[in-house]
Amino acid sequence: ALWRLFVAGFLGMQVMMMATPAYVAGAGELAPDLDQLLRWASWVLTLPVMAFSAMPFFVGAGRQLRAGRLGMEVPVALGIAVTFIASSGALFDPGGAFGREVYFDSLTMFIALLLLARWFELGARHRAAEALEAVADGLPMAAERLLDGGGSERVPPEALRVGDRIRVVAGEAFAADGQVLAGQGWVNEALLTGESAPVAKAPGDAVVAGSLNLDGSLVVAVQRVGADTTAQGIVRLMQQAQSQRPRVGGVLDRVAAGFTAG
């Protein structure tokens, strides 16, 4: 994706430079042979953009047509193809049905901007996936559960039940949501809240799974475990956001289908 963006952006800038004299020159200032040479150069530079950078739009449009639906890819690919064909027709036959105006500069920059938007979207999805991994990695492999007889045992977080008491020492992460029963300390909740400053915890305060105990030893009464924890709730919301299309995307597809069919 980055290489397609680079090709479209770099060659688009070259095409813009080729088209600039036609925009700024006054009547009769640009020699016809030079004007034609710049138009041919723009066409040549546009070919790699069409053949390489714009290919995902044509592939996506073909996929949507085979699926029997008209999404956003179809009008985008159609607009790109029509603009290129019309501009090429004007270049090869200036006195023909397509006129003499060419739009290779607008075409290449349009493709570059579309690819730039997709690159930003891809980056956002990548960061969301990293955040999911960070939340999952923030949960401890085991927790120290306090027994009624006075001892303790190391158990996996899946074995914890609501009402259990766990001890979390400095440097360990909380395995479940709960309430502090004894002890005082500072807890780093940046993984869930984004706040880098540690939060002081004392008896009666709530703690969430995945946060890190920085100092002190805290005894916590387990209130939520497994899928009911705040961390797992955040993971579910992020997974839903990644797997489901925004509602506005569906609206745009329906609007685009109306224009394309019309």
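The questions and answers below concern pockets, a surface patch and salt bridges in a predicted model. In this model local features need pLDDT of at least 70, side-chain atom pairs count only at pLDDT 80 or more, and totals for chains, interfaces and linings use all residues. Residues are numbered from 1 along each chain as its sequence is written, and side-chain values use heavy atoms, with hydrogens and water left out.

Q: Which helix supplies the largest share of the lining of the second largest pocket?
A: A pocket is an open set of points on a 1 Å grid over the protein atoms alone, where a 1.4 Å probe fits, with protein on both sides within 12 Å along at least five of seven lines, and its lining residues have an atom within 4 Å of a point. The lining here has 22 residues, with Ala19, Ala22, Asp35, Arg39 and Glu101 nearest the centre. Helices (DSSP runs of H or I, at least four residues) α1 (2-24), α2 (32-53) and α5 (104-138) each supply at least two of them. The largest share, 6 residues, comes from α1.

Q: How much accessible area does the nonpolar patch of Trp3, Phe6, Phe10, Met13 and Phe52 have together?
A: Such a patch joins nonpolar side chains (Val, Leu, Ile, Met, Phe, Trp, Tyr) within 5 Å, from residues with over 30% relative accessible area and no salt bridge. Helix α1 gives the most to the patch, with 4 residues. Areas come from the Shrake-Rupley method with a 1.4 Å probe, only the protein chains shown counting as cover for residues, and the five residues Trp3, Phe6, Phe10, Met13 and Phe52 together have about 570 Å².

Q: Is Asp177, the salt-bridge partner of Arg224, buried or exposed?
A: A salt bridge needs a side-chain nitrogen of Lys or Arg within 4 Å of a carboxyl oxygen of Asp or Glu, and the closest N and O atoms of Arg224 and Asp177 are 3.2 Å apart. Arg224 lies in strand β9 (residues 218-224) and Asp177 in strand β4, so the pair ties together parts that are 47 residues apart in sequence; a strand is a DSSP run of E, at least two residues. Buried means under 20% relative accessible area, exposed over 50% and partly exposed in between (1.4 Å probe, protein chains only). Arg224 is partly exposed at 35%, whereas Asp177, at 0%, is buried.

Q: Which residue forms a salt bridge with Glu153?
A: Glu153 is partly exposed, with a relative accessible area of 30%. Its partner is buried, at 16%, and the N to O distance is 2.8 Å, the partner being Arg145.

Notes:
Patches are made of residues with over 30% relative accessible area and no salt bridge: like charges are joined within 9 Å, nonpolar side chains (Val, Leu, Ile, Met, Phe, Trp, Tyr) within 5 Å.
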